[in-house]
Amino acid sequence: FVACDRCPTINVRREALYASDEFRQRESAEQPLFDELERLIGVRPDLQRFYPVYDSLTALRAHGVYDLAHEHPELWSRVVALGHWSECQRFRSDVIGNLGGGPMVQALQYQLNLARKGDKHAKRLVIYGGHDSTLLSVGAALRLDVSHPELFARIPPVATALCVELWAR
């Protein structure tokens, strides 16, 4: 669960994404994968809610319960690719805009402006923490998915950092 999943505006935009030709074509193309997963794990995934399936399979693998990667490596690579694609779609800038990561970007901008002005309340170091969804949301607010689409091809790995420095002359 991500807090922005409760935002009516984002939900309307996501519904439009799910109704788009691009999304429907991808969902149709992935039906053989969904068939195979249903046969193996007893659950039929769909593209709108594919990330939790990918995430659950990753957790089962990490805990040594079930390792799809070991038993079906080619299938696992397709699951990983689709898991990343589907989650990155949910956090595109045209879907989430600045509604998810915007407040964090505003806080960062505020701190940078204080430092730029030489304000005595400016912090020398500011650290924010978050998750992969936080980084995707901030990236969407900054429209990095448009300017640097390669950054939005995959979910950010664990311990990914976004560093911003203010340089002055």
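## Helix H6, its neighbours and the open spaces

Helix H6 covers residues 73-90, which makes 18 residues, and it runs 26 Å from its first C-alpha to its last, close to the 26 Å expected at 1.5 Å a residue. The model described here is a predicted one. Most of H6 is covered, with 13 of its 18 residues buried. This helix is a good place to begin, and it comes back in the paragraphs below.

Within H6, the side chains of arginine 90 and glutamate 87 are joined by a salt bridge, with 3.0 Å from N to O. The two residues are three apart in the helix, about one turn. Both partners are covered: glutamate 87 counts as buried at 5% relative accessibility, and arginine 90 is buried as well, with a relative accessible area of 13%.

Glutamate 87 and arginine 90 also appear around the largest cavity, where the lining is made up of Tyr18, Phe23, Leu47, Gln48, Phe50, Tyr51, Ser86, Glu87 and Arg90. The volume of this cavity is about 30 Å³, and the structure holds one cavity of 30 Å³ or more. H6 is the main contributor to the lining, giving three residues, while helix H4 (50-62) and H6 each supply at least two. By class, the lining of the largest cavity has five nonpolar, two polar and two charged residues.

Turning to charged pairs in general, side chains of opposite charge can pair when their charged atoms come close. The count of salt bridges in this structure is nine. One of them brings together glutamate 30 and arginine 26, at 2.9 Å from N to O. Here the surroundings of the partners can be told apart: glutamate 30 counts as buried at 12% relative accessibility, whereas arginine 26 is partly exposed, with a relative accessible area of 23%.

Another salt bridge links the side chains of arginine 92 and aspartate 94, with 2.8 Å from N to O. Arginine 92 counts as buried at 19% relative accessibility, and aspartate 94 is partly exposed at 47%. This pair does not stand alone, as Glu22, Arg92 and Asp94 are linked in a network of salt bridges.

Open space can be described too. Rolling a probe the size of a water molecule over the atoms shows where empty space is left. The largest pocket holds about 910 Å³ of space. It is lined by 31 residues, and the closest to its centre are Leu108, Val126, Ile127, Leu162 and Val164. Two elements give two or more residues to this lining, helix H8 (102-117) and helix H9 (132-141). Of the elements, H8 gives the most, with six residues. The lining of the largest pocket is made up of 21 nonpolar, six polar and four charged residues.

Finally, the cysteines were examined. A search of the whole structure finds zero disulfides. For cysteine 163, the closest cysteine sulfur is that of cysteine 88, and because the two sulfurs are 20 Å apart, they are too far for a bond. A disulfide would need the pair of sulfur atoms to lie within 2.5 Å. Cysteine 163 is itself exposed, with a relative accessible area of 66%.

Definitions and conventions. Residues numbered from 1 in each chain as written. Predicted model: local features only at pLDDT ≥ 70, side-chain atom pairs only at ≥ 80, totals over all residues. Heavy atoms only, no water. Buried < 20%, exposed > 50% of the residue type's maximum accessible area, 1.4 Å probe, protein only. Helix = DSSP H or I, 4+ residues; strand = E, 2+ residues; numbered from the N terminus. Expected span 1.5 Å × (residues − 1). 1 Å grid on protein atoms, 1.4 Å probe; cavity = no way out; pocket = protein on both sides within 12 Å on 5 of 7 lines; lining within 4 Å. Points joined across faces, edges and corners; volume = space filled by probe spheres on them. Nonpolar A, V, L, I, M, F, W, Y, C, P; charged D, E, K, R; others polar. Salt bridge = Lys/Arg side-chain N within 4 Å of Asp/Glu carboxyl O.
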